[in-house]
Amino acid sequence: MDPKGVIEMLLIFLEKRDDGVPFSPTLDNSKEYDSRIIPFLGKWKGRSITKRSGVYGATIAEADSVASLEMDEKGHLIQDIASTSNNGEVTTNVHWTGTMSDNLITFDGGYQMTLLPGGMYMGCPSDVAKSVAESKSFHLEFCWLEAPGKRQRLIRTYDIEGLAVSSTYLSETQVTR
């Protein structure tokens, strides 16, 4: 991000596996953006680990997660995410609806996902600069398919001053399509 909070670049390093298993999926640069959303549709279950920085007291928290992304008959996207703390005392639910245009999904409430080639996406506020200017916390998310039906997500949360305060890593398995 530049100093005004505008995302300028996303740098992704693809590494070759030593076990001879080909990287899946391929880095397809096709312009068929609709096909990029298909691997992410359905219900996903997994586990998250969140590491908070020392600024607010260094902690580690684990949680179970359930996420679903569905497309209705009108082409609208519905995303529901539920995360339940390890002890089961706290459950956080997020519900968003959105629309897709080319490789960009825009959700109500000011969040967007950019679908990238090769089974990846990046999620961020629709206007990061506005979040920074209004001193609002925000998060950036990067997701990649490790294999069909298996994905990983990395979420970085920033406080009102733009300092990274936590990183959440999720490993998820698709349970329904």
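This passage walks through the aromatic pairs, the salt bridges and the enclosed and open spaces of a predicted model.

Aromatic rings make a handy starting point. The structure has five aromatic pairs. In one of them, Phe 40 and Tyr 121 meet edge-to-face, with 5.0 Å from centre to centre and 75° between the planes. Phe 40 belongs to the loop between α1 (33-37) and β1 (42-52), while Tyr 121 belongs to strand β7 (residues 120-125), so this pair ties together parts that are 81 residues apart in sequence. Phe 40 has a relative accessibility of 1%, so it counts as buried. Tyr 121 comes out at 3% and therefore counts as buried too.

Another of the pairs brings together Trp 96 and Tyr 111, and this one is stacked: the centres are 4.6 Å apart and the planes make an angle of 25°. Here the partners sit on two strands, Trp 96 on β4 (residues 91-101) and Tyr 111 on β6 (residues 111-116), so the pair ties together parts that are 15 residues apart in sequence. Trp 96 and Tyr 111 are both buried. Add Phe 107 to Trp 96 and Tyr 111, and the three form one aromatic cluster.

A ring can also have a charge for company in this model. Trp 44 has the charged end of Arg 151 sitting over its ring, 4.3 Å from the ring centre. Arg 151 turns up again below, both among the salt bridges and in the lining of a cavity.

Next come the charged pairs. Side chains of opposite charge can pair when their charged atoms come close. Six salt bridges are found in the structure. One of them joins the side chains of Arg 47 and Glu 62, with 3.1 Å from N to O. Arg 47 is part of strand β1 and Glu 62 is part of strand β2, so the pair ties together parts that are 15 residues apart in sequence. Arg 47 has 29% relative accessibility, so it counts as partly exposed. Glu 62, at 35%, counts as partly exposed as well.

Lys 136 and Glu 134 form a salt bridge too, and their closest N and O atoms are 3.0 Å apart. Lys 136 has a relative accessible area of 44%, which makes it partly exposed. For Glu 134 the value is 39%, and this residue is also partly exposed.

The salt bridge between Glu 172 and Arg 153 has an N to O distance of 3.0 Å. Glu 172 lies in strand β10 (residues 164-176) and Arg 153 in strand β9, so to speak a link between distant parts of the chain, 19 residues apart. Glu 172 and Arg 153 are both buried. Neither stands alone: Glu 141, Arg 151, Arg 153 and Glu 172 are linked in a network of salt bridges.

Some members of that network also face an enclosed space. A search of the whole structure turns up one cavity of 30 Å³ or more, and the volume of the largest cavity is about 60 Å³. Its lining is made up of Ala 67, Ser 68, Leu 69, Gln 79, Ile 81, Tyr 121, Glu 141, Arg 151 and Arg 153. Strands β2 (59-71), β3 (77-85) and β9 (150-158) are the elements that give two or more residues to this lining. Of these, β2 gives the most, with three residues. By character, the lining residues of the largest cavity divide into four nonpolar, two polar and three charged. Tyr 121, already met as the partner of Phe 40, is one of the lining residues.

Last comes the open space. The largest pocket holds about 800 Å³. It is lined by 29 residues, and those closest to its centre are Thr 50, Ser 83, Thr 92, Ile 155 and Thr 168. Two or more lining residues come from each of β1, β2, β3, β4, β8 (138-147), β9 and β10. Strand β3 supplies the largest share of the pocket lining, five residues. Sorted by type, the lining of the largest pocket has twelve nonpolar, 13 polar and four charged residues.

Conventions
Residues are numbered from 1 along each chain as its sequence is written. This is a predicted model: local features need pLDDT of at least 70, side-chain atom pairs count only at pLDDT 80 or more; totals for chains, interfaces and linings use all residues. Side-chain values use heavy atoms; hydrogens and water are left out. Rings of Phe, Tyr and Trp (its six-membered ring) pair if their centres lie within 6.5 Å; planes under 30 degrees apart count as stacked, over 60 as edge-to-face and the rest as tilted. Helices (H or I, at least four residues) and strands (E, at least two) are DSSP runs, numbered from the N terminus. Buried means under 20% relative accessible area, exposed over 50%, partly exposed in between (1.4 Å probe, protein chains only). A charge sits over a ring if NZ of Lys or CZ of Arg is within 6 Å of the ring centre and within 35 degrees of the ring normal. On a 1 Å grid over the protein atoms alone, a cavity is a set of points where a 1.4 Å probe fits but cannot get out, and a pocket is an open set with protein on both sides within 12 Å along at least five of seven lines; lining residues have an atom within 4 Å of a point. Grid points are joined across faces, edges and corners, and a volume is the space filled by probe spheres set on the points. Ala, Val, Leu, Ile, Met, Phe, Trp, Tyr, Cys and Pro count as nonpolar, Asp, Glu, Lys and Arg as charged, and the others, Gly among them, as polar. A salt bridge is a side-chain nitrogen of Lys or Arg within 4 Å of a carboxyl oxygen of Asp or Glu.
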